[in-house]
Structures are given as C-alpha cells and as structure tokens.
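Here are some short exercises to work through with the model open beside you. Try each task before reading its solution.

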Amino acid sequence: MRLTRHRWSRRVGIVTVLTAVAMLALAGTAFAAGDPSTTITGKASATSTDPGIAVNLLWVVIGAVLVIFMQAGFALVETGFCRAKHAAHVVSTNFAVFGLGFVAFFLVGFPIMFSNFSYVGYFGLDKALSPDRLIGFGDWTFLWGRTGFGLTGAAYSAPVAAFFLYMVAFMDTTATIPTGSMAERWKWKSFVGWGLFCGAVYYPIFGGWTWGGGWLSQLGNNVGLGFGYVDFAGSGVVHAMGGIAALTGAIVLGPRLGKYGADKKPRSLAGHNIPMAMLGTFILLFGWFGFNAASTFAATDVRFAVVAVNTAIAAAFGAVIAMFYVMKRMGKPDPGMMANGMLAGLVAITAPCAFVQPWAAAVIGSIAAVIVVESCMFWERKGIDDPVGAISVHGVGGIFGVLCVGIFSDGRYGAGWNLTTSGSAAKASGITGILYDFDLGLKQLGSQAIGGLVIIFVMGGLSYGFFKLQNKLTKGGIRSSEADEMAGLDRPEMGVLAYDNIQVREIDVVGLDPSQDKVLATGGESPDPTLGR
C-alpha cells in the first residue's frame, strides 16, 4: 500500500510539472505571435523619458518588495504562536505559500483579476490588456480574463510587470492567512492545493469584482451607491478574504487535540516563542507602509504621506488600547493580544487609510483592538480553534475596516474613484462617510456593506466548498492523523525537526494535570521539557 501511494504521488507530481510546462509553452507561443516592438515596452517612450512615470514605477516596485517582506513577518508570528513540535511545518507553510500562490497567479489569476485594469498617467499603465470580459451583461461584469496569462502579449511591458509584482504580493497575503488558523493539524498536500486555488481562482474572482473594475466597483454608476465598493489597500479584498477562508478552513478541520476538555471548555495550548511572534509583528508593521502608502501607485501623489501616518497611528493605538483593555479584562497585559491589537489596527485602517483624518485613524485602531480581543474569545467559546487569531485579526478586523470607509471618510480625496460619473458621488470632491455627509455617506456605506456581505457569504461559501470537497476527495481527509498531531507535524510531515532538543509531552495534547505529564516522544539527545510547547 505504501508503494502504491508513493507511485501515485510521483504520478501526480509528474502530471503537475508537465501541466506547468505546457502552460508556459502556450504562453510563449502567445507572446511570439505578438509584435515585439509593442509588447516589450508597451508605452516605451513615456516610461523612458518621463521622470515622473519612472519614479512612480520605482515607487510601485519598492512597495512590492516591502509587501513581499511581510511574508517573513507572517512566518514569525504564526510560528511563534504555535507549539514547538509543529514549528518546522508552520514556518514551511508560510514559506511555500509564497511560491504556490505566485505561480498560480502568474499563470492564471492575474488576467482574471486585472485584464481590464488601467491607471492613466501615474506609472504608464494607461491601456487595459483587454476590455473583453468572459462573464457579464450590460454594465455588470463578473469575470475578466481573455489575455495576459503568464505576462505575455500586451502584458509584457514595464508598467504591467511592476503592477503584477505589487499585486501578487497582496495575493500571497490572502493565501497565507489560513495557514495560521489551520496550523498544527493541516496535511501538507492539502495545504498545497489551497495555495494554488487561492492564487488561480479564489483571490482573483473577488479582486476582479472590486479592484479590477467589476460589478462591486460599479455600484455607484449602476445603482447610485456612492462611489461603489471602495477599498484603498485591501481590508476587504486582501485581509477579510483571507480571514473568511481561515474561518471556513478551521471549521472543516475542527479544533486541535486537547483544545477542549470533556466539559467543552477551551484550554490554552500556548505558543512556544512569544518574542518570535512579537518580532514578526514589527516586521509586518514595517512592510505595511508598502502595503498602504505605495497603494497610491505614485510617489508624485503626495497623499501617501497621510496614508503612512494614518497607518502608524492606527497600529500604535491598536497596540496600546489592546494592552489596557486586556489588563482590565484579564488582569495582566497579554503579549499575544498586544501584537494582535496592533495587527487589527493595521488591518482596519488599510481600506480607509487615504480617506480619513488622523484622529479617525486613532479611533479606528482603538475600536479594532477591542474588537479583536472580544472576537478571539468569541470564536474560542464557539468551538472554533484559531491558534494565532487570524480569523479575528484579518476577518473581523477586515470587515470593520471596509465599513469604516463609509463612516469616517472626510470627502477630501478620491474624486472620480472607480470612474464614477453618475449619481450624487459624481460631483463629490472625494470618498465621503456618514460623519461628513449623511446622505452620500449612507450610500457609500451601503456599497461597503454589500462588499462585506459578499465576502462573508459568497466568498466564504466558495472557500468552505473548496475545503469540504478537498476533504471528501483526499484519502483520510485534509487533517493530519491523530498520531502525527500528537507527536508534532515536523517529523511525520516535513521529515525534520525545527528544534533537535524538543520533548513532546502528553500535557500538550490532552491537557492533563502537570503531575500526570509523561513524555510521548523525544527529538534529540538532551530534551528540554520547557520546549514541549
């Protein structure tokens, strides 16, 4: 039976490689059929002679690099918040998801999301790859994607390349969020399937409806709801999308062994390295300035300064308010909650960061901190096991950030957003929330609410269906075996140990009284019992 499984795995690997090679060959053929003089440079004269466009292209690429570096932050946060016996597995999912999502987005997802996207002036991307859609009627578009696969044809240009690099980094953020909520019990092969699905299908569909010019972005033009769905840097498009997938994945997997006792009450399965998680949080804060400020797509758009300051304010207030709130709620400051408070503030400010004043950023970060603390406790009470708080930080915090656009936006920035030319928003000076113009703000809040509901129910349904189907079709399901989970996933799943002196203890699995603790497995010559978690 073991030999049969190995043969099956090799065949799957061979088929996967051959498929990728075939797709790349087809992409190369598509490029070869084009005119190199136009496809290589796109708007060549503009990008080579206009200093503003050149600077803005550099701005976008630097922003992309900062966002890609956030992957290191996610890896440290999630690994630190998980137990030592799973550390190599957890950090490897964060490492591998970058490549998996990247490949899928490059080959399939990017044109589905952005083939109709253009951004006049700022960095040279002034013409859509293809205005033709795959699914839609009238002014309602539900699916793009007729050209640009593998960055071929019209997609082979400097502006598109820079834009792709920036957007693939955002996609990988969405893809990595469920690795936190599903940690310590997710089969590696099943995780690989998610990384490819997210980059090729899950993320591009909703992204096309919003940032790609699809139906949600046009709610202003089509039904008069403000400027349509507005999300400056991705509270919804990136974070809530990852958060809802984290929720549905955790539901399908079920809680970790030992998380709930016979009385159904939750138990603490403490992370093994809090300093690692805190360092990861600082790295995420650093990268977030590329996430938000570079979303102006232009260093010549000086609004990036307001965006950067609002980002820092929300992060600082999120951390501080979480600290004080947890001290009042539990008696002591919890380092994990302080970190998640900062991250919740960052997630919540990501959608409205360009449209709100600094005082509003402070309020948003503060409210997000309280929300994330209560949300973590809520899901835990409901039997949803999330080792790192990803559902609360990204899912709940992301939806809150989406709604904040319709509440706190002051109307000073964003005129003509989503190419809005009809309704009361067409004459507005910028994105406006209910605190500044109740009528226009209410319409904007309506668009934001619709977007949030689509994330929860439509995209949540899609991710739940994916995990359920994958669980049914995978032999033994998508969850690791009980024996592997008890021993730690490092050796059985990865073939290595993160720490060679780890001692796996029964108390880590079933929550026994310390006096009843006994060693289940040892991974080194001189085990240190303090590392069992």
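**Exercise 1. Place histidine 394: which helix holds it, and is it buried or exposed?**

Step 1. Histidine 394 belongs to helix H15, residues 390-408; helices are DSSP runs (H or I, at least four residues), numbered from the N terminus.
Step 2. Its relative accessible area is 6%, so histidine 394 is buried (buried is under 20%, exposed over 50%, partly exposed in between; 1.4 Å probe, protein chains only).
Step 3. Setting aside residues up to four places away in sequence, histidine 394 touches Phe74, Ile177, His239, Ala240, Gly243 and Val347; contact means heavy atoms within 4.5 Å.
Step 4. Between the C-alpha atoms of histidine 394 and valine 372, 22 residues apart along the chain, the separation is 9.2 Å.

This is a predicted model in which local features need pLDDT of at least 70 and side-chain atom pairs pLDDT 80 or more, while totals for chains, interfaces and linings use all residues. Residues are numbered from 1 along each chain as its sequence is written, and side-chain values use heavy atoms, without hydrogens and water.

**Exercise 2. Find where leucine 453 lies and classify its exposure.**

Step 1. Leucine 453 sits in helix H16, residues 438-473.
Step 2. Leucine 453 counts as partly exposed because its relative accessibility is 45%.

**Exercise 3. Judge the confidence of the chain.**

Step 1. The mean pLDDT (the predictor's confidence in each residue, from 0 to 100) is 85, and 83% of the residues reach 70 or more.
Step 2. Residues 1-9 stay under 50, with 2 contacts beyond four places in sequence.
Step 3. Residues 14-48 are also below 50, with 29 contacts beyond near neighbours in sequence.
Step 4. Where pLDDT is low, predicted coordinates should not be read in detail.

How values were computed. Helices (H or I, at least four residues) and strands (E, at least two) are DSSP runs, numbered from the N terminus.
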